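Take a look at the sequence and the structure below. Then read on for a short tour.

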Amino acid sequence: MLNTLVTGLATGALYAVVAMVFNIMYSTSKVLSLTTGHMAMLGGVFGAYLITGVGLSAWVALPLAMLIGAGFGLLTEFLAIRRVLAQGDEHLWVLSTLALGTIVQHLMALWWGTEPKPFPRLISQDFSAGPWDQKYWLPIGLAALAASGLALFYRRTLLGRVFTAVAEDPFAARARGIAVERVRSMSFALAGILGALAGFAAGQLTFAFFALGMWLTLSGFIALAAGGLGSNLGALVGGVLLGLLSAFSTYFFGAEHQQSVSVGLLLLVLLVKPAGLFGKGIVRHV
Amino acid sequence: MQLIKRAVVATVIFLTGLTAQGQTASSEPIRIGWMASLTGPLATAAIGIDAGVRFAVEEINASNGINGRKIELMTRDTAGDPNKAATFAQQLIHADKAVFILGPVNSGEALATVPLVARTGTPNIVIGAVEELTDPKKYPRAFRAINTTTQWLTAADDYVVNSLKKKKIALVGDTTGYGTTSVRTATDEIAKARAAGAEVIMPWSAATGVLARLLNARGDAGWDAPVIGHPSLMALPIKQLLNKPSYWDNVYGAGYVSTSYDASGKLPERTQVLLDKIRPKLGGKDVDILFWWIALGYDAVKVAEHGMRSAGSTDPAAIQKALENTQNFKAVLSTLSYGPDKRDGFPDDNMAIDVANTFKDGSFKLAPR
Amino acid sequence: MNHSPIIAPQVAPASAILCSDSTAMNVRRSLTLRQWLGRAAPLLALVLPFLLGNEYQLHVLTLIGIYWVLVCGLNLVVGYAGQLSVGHVGLLAIGAYTLVILTGRAGVDPLVAMAVAGVLGGLCGFLLGLPALRLPGFYFAMATLAFSLIVTEQLVAHNTLTGGGAGMSAPMFGAPFDTPRGFYYLVALIGLLVTWLTWNIGRRMWGRGLIALRDSDVAAAAVGIPVFRLKLAAFTFSGVTAGVAGSLFASLQGYITPEAFLFELGMFFFICIIIGGRGNIIGPFAGTAVLTLLPEVAAPLAKLGNLLYGVLLLAAVLLIPKGIGSAVTAWTERRRERRHAPPIAPNLSRLAAAIHKPGEST
């Protein structure tokens with residue numbers, strides 16, 4: 001049972017961070033990029049490659065992986081969001097981000113291979129640690145760090161306040177002299193960094209696998225809906241809830257009903273609170 | 001002078017015309033359609049089989065093809081999607097005029113394409129192990145080149161009961177089939193199995209991630225119960241995913257006599273021959289994937305070739321008859337025998353159990369009996 | 001003049017005042033490309049099988065037709081009402097398995113089973129829409145997504161009924177639909193029927209109401225449009241078409257497994273509408289046709305095919321962001337502008353005289 005709890009927390013933490021990445025991009029562009037999960041995948045794959053393939057130390061590989069994540073985030077913004085938002089129909093970004101995600105996934109399939117590959121041990125630890133193994137606690141630690149870090153960032157730093165301003169009202173922000181497009185690019189870069197970090201931290205749990213992207217995007221999406229769009233606390237709670245529900249439903253009902261139970265319960269949450277647990281009341285322009 | 005020149009030109013054109021005609025008739029290629037999930041989540045097997053298929057085709061074409069006609073291999077990547085597989089099957093048969101269909105590799109896709117191909121009357125070499133894929137009455141032109149799942153299960157059960165002398169088996173299946181990549185609570189499955197008094201763990205999943213997690217959970221918990229099951233347990237990627245190499249101890253996989261080293265460390269002759277022939281194409285070093293995949297792909301093409309040679313043509317009915325009358329066809333992975341009511345040609349006596357961590361150059365040592 | 005404003009913006013009303021009579025008549029008489037296509041399409045659909053070379057092309061055409069039956073109904077929900085439904089693949093699966101189970105286990109005639117599939121699809125659409133449509137946009141998408149995931153998982157779990165992961169085989173329909181060409185005609189007929197239904201809905205108050213609530217549901221409600229009821233009705237209708245499409249889909253494929261109904265297919269239907277352009281019918285149809293044909297075109301590239309598909313999709317989005325339908329309209333508009341002189345021509349001499357008043361310097 002303890003194992004189930006810890007596994008649930010760990011996968012939940014991963015989902016939570018992915019949901020937070022969604023939030024970062026959503027807040028400045030009102031777009032739910034389907035490339036979110038692929039950012040984590042890239043972090044995991046390149047982390048494994050840089051450490052085991054190229055032989056760099058984890059201390060060097062981590063910032064490099066985050067750089068790659070930032071690059072991918074900027075690429076997403078440039079290719080899939082900018083033009084689409086400027087002229088396209090509503091929801092066209094679903095297509096463009098999906099297409100970009102597919103491209104990245106298949107490039108990885110061709111280069112990295114289609115088998116899950118091992119992610120190296122980051123801290124030396126014996127494997128018999130059971131529920132205290134780092135593969136569980138790295139993602140959990142990261143989720144806690146990310147949530148508090150983002151909260152600090154948004155509230156205490158100038159750049160964070162600029163992000164918040166753009167999120168709340170882009171027109172007013174522009175009127176105050178904020179370069180909204182540049183802020184958007186920066187937020188996508190930040191999202192990429194956090195996404196890659198998530199993939200790196202959870203690498204030992206998921207292995208370095210090219211097909212992780214879609215699954216993580218989906219799970220993060222569900223976690224975000226349950227927790228409430230736009231709220232990082234909601235992302236944290238939603239993710240942990242999804243992870244725990246999945247783990248416990250597998251334990252009690254077998255894996256056959258895993259998705260039905262966990263997703264079904266989250267649907268019930270939405271019925272009670274349509275904007276998610278911590279979702280802000282939607283302000284509608286009339 | 002002009003007249004002679006004109007006459008020469010006319011003769012040359014006439015003669016080239018004749019020979020060109022002759023060439024087209026006898027050198028029209030034999031189009032074979034090959035469907036495999038080359039970029040799906042379980043692509044490693046498909047890629048290995050694909051290597052064998054391509055090598056066989058090259059070999060046949062290098063020795064003047066089949067009755068002078070070269071084989072044109074048309075590959076389609078189904079990416080694990082049965083819908084794509086169904087449309088590609090249609091495309092290969094109707095638009096690309098394939099006279100033979102090989103595969104698909106994934107059973108999920110094959111379940112969708114085998115009836116479709118059968119409806120068009122095109123011969124089909126089945127590479128999936130699921131029982132329902134062959135049926136002498138419903139799919140008379142579908143011939144299987146691999147063993148069936150029953151054969152795998154029988155071999156594993158036989159080993160557990162008769163050699164390991166154990167009775168309580170924890171069966172671990174993967175209901176999501178090939179698609180999802182979710183992180184299973186392997187630690188709990190192992191704990192539950194152990195608490196229930198299981199003596200042997202038997203996983204039947206082709207997903208190396210799932211299998212590696214099971215082995216890691218077993219090892220981390222310090223449990224030494226033997227693990228026996230799907231051949232993928234013995235694949236090299238598993239070794240890399242294990243926390244400690246010792247976690248691969250006491251692990252057995254369903255394998256084949258033809259890809260196992262005998263007591264003196266030698267492979268059967270036909271296997272060794274193919275291994276030596278194909279090694280340069282694979283990089284010249286030791287083979288680092290399961291060799292039986294390559295052999296399976298090679299055999300699929302060879303069976304098709306045998307059918308067409310014996311029939312003397314690409315007429316589907318003639319090929320069906322020729323294959324029905326095939327007994328003891330000495331392929332590499334096995335010796336196949338079909339019959340008017342028999343479409344599963346893989347012999348039971350080729351089934352074996354191998355020891356996972358004896359992987360060397362694509363093959364294994366037989367498990368002790 | 002009975003041109004519906006949904007079909008094409010009209011130049012005629014304004015120009016009628018400023019042009020000579022003959023020009024106005026010209027503009028009014030020439031049909032828009034969309035109307036022309038709308039009238040020619042049924043004819044084309046019926047004649048097409050005889051123009052094709054082989055059965056594979058017929059198979060792909062039938063597949064486009066089946067997808068279109070679903071997308072046409074979904075178009076009301078996504079294209080007109082602007083709701084983000086990405087889980088219709090679940091309703092497709094329900095339709096497919098209804099046919100397979102009723103014909104396989106209960107010996108029901110396929111046409112009857114198809115009718116039941118439609119009803120069941122509508123019922124499930126209704127039951128799903130009832131709670132889900134109250135949720136704001138993104139959460140509604142998540143609800144439909146969750147529905148499709150649950151459906152596929154339950155299909156595997158209840159394997160005595162559904163055959164589990166191994167799936168079940170699907171029958172052909174009875175004569176005269178038991179040949180590929182006959183089946184194509186069945187699909188074409190149903191497709192035309194559904195198109196005609198949605199076109200009528202689109203033109204009349206229902207459709208206008210849907211568009212109104214897409215653009216601003218508060219304003220729509222203020223005008224007296226029963227917003228929730230309209231959304232639910234559209235969603236239920238899309239459930240019926242999805243159920244029917246599902247049963248046709250099962251019969252075409254001949255064998256269905258739960259793997260045929262993954263989330264990606266749900267996204268595919270949604271994308272067909274977005275890439276086609278919202279608010280009209282011909283756009284999503286073009287989108288469906290293009291997106292179904294794209295993988296076939298990329299197929300011979302084997303491993304690189306899927307990569308090419310992603311690249312082409314991205315290129316399509318970047319190059320025609322307003323959707324195929326709008327791209328077509330824009331192109332025909334430009335052609336028409338080139339053919340007809342602009343109705344308002346400045347009267348230069350009068351203008352010059354007004355500027356150069358006597359006594360003032362130039």
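The report below starts with whole chains and ends with single residues.

## Chain A: the overall picture

This is a predicted model. Chain A has 12 helices and zero strands. Read from start to end, its pattern is therefore α-α-α-α-α-α-α-α-α-α-α-α. The radius of gyration of chain A is 18 Å, and the globule rule gives 19 Å for 286 residues. The two values are close, so chain A is as compact as a globular protein of that length. Along the principal axes, the C-alpha atoms of chain A fill a box of roughly 60 × 45 × 35 Å.

How much of chain A is buried? Of its 286 residues, 59% count as buried. Now take the contacts in chain A between residues at least 6 apart in sequence. Of these, 76% join residues at least 24 apart.

## Chain A: surface and charge

The accessible surface of chain A is about 11,200 Å². Carbon and sulfur atoms account for 69% of that surface.

Chain A carries 16 positive side chains and 10 negative ones. The centres of these two sets lie 10 Å apart.

## Chain B: the overall picture

Chain B contains 11 helices and 14 strands. Of its 369 residues, 57% count as buried. Among contacts in chain B between residues at least 6 apart in sequence, 67% link residues at least 24 apart.

Chain B exposes about 14,700 Å². Carbon and sulfur atoms supply 57% of this area.

## Helix α6 of chain B

Which residues of helix α6 in chain B are buried? The helix covers residues 186-195, and its buried residues include B:A186, B:D188, B:I190 and B:A193.

Both chains help to cover these buried residues. From chain A, the cover includes α1 (2-29) and α11 (232-253). From chain B, it includes β6 (169-173), β7 (200-204) and α7 (208-220). Just after α6(B) comes B:G197, with a positive phi of about 85°.

## A:E115, in contact with both chains

A:E115 sits in a loop of chain A, between α4 (92-111) and α5 (134-156). Is A:E115 buried or exposed? Its relative accessible area is 10%, so A:E115 is buried; the cut-off for buried is under 20%.

Leave aside the neighbours within four places in sequence. A:E115 is then in contact with A:A208 and A:F209 in chain A, and with B:T44, B:T208 and B:P237 in chain B. A:F209 is 94 residues away from A:E115 along the chain, yet their C-alpha atoms are separated by 6.6 Å. The side chain of A:E115 also makes a polar contact of 2.2 Å with the side chain of B:T44.

## B:R279, a loop residue in chain B

Where does B:R279 lie? It lies in the loop of chain B between α9 (269-278) and α10 (291-311). B:R279 has 17% relative accessibility, so it counts as buried.

Again, set aside the neighbours within four places in sequence. B:R279 is in contact with B:G284, B:K285, B:D286, B:V287 and B:D361. With B:D361 there is also a polar contact: it joins the two side chains at 2.9 Å.

How values were computed
Residues are numbered from 1 along each chain as its sequence is written. Chains are lettered from A and ligands numbered from 1 in the order in which they are written. This is a predicted model: local features need pLDDT of at least 70, side-chain atom pairs count only at pLDDT 80 or more; totals for chains, interfaces and linings use all residues. Side-chain values use heavy atoms; hydrogens and water are left out. Helices (H or I, at least four residues) and strands (E, at least two) are DSSP runs, numbered from the N terminus. Buried means under 20% relative accessible area, exposed over 50%, partly exposed in between (1.4 Å probe, protein chains only). Contact means heavy atoms within 4.5 Å. A polar contact is a pair of N or O atoms within 3.5 Å; within protein, one must be able to donate a hydrogen and the other to accept it, and residues adjacent in sequence count only if both atoms are side-chain atoms. The radius of gyration is taken over C-alpha atoms; the globule rule is 2.2 Å times the number of residues to the power 0.38. Accessible areas come from the Shrake-Rupley method with a 1.4 Å probe; for residues, only the protein chains shown count as cover. Lys and Arg count as positive and Asp and Glu as negative; His and the chain ends are not counted. The place of a charge is taken as NZ of Lys, CZ of Arg, CG of Asp or CD of Glu.
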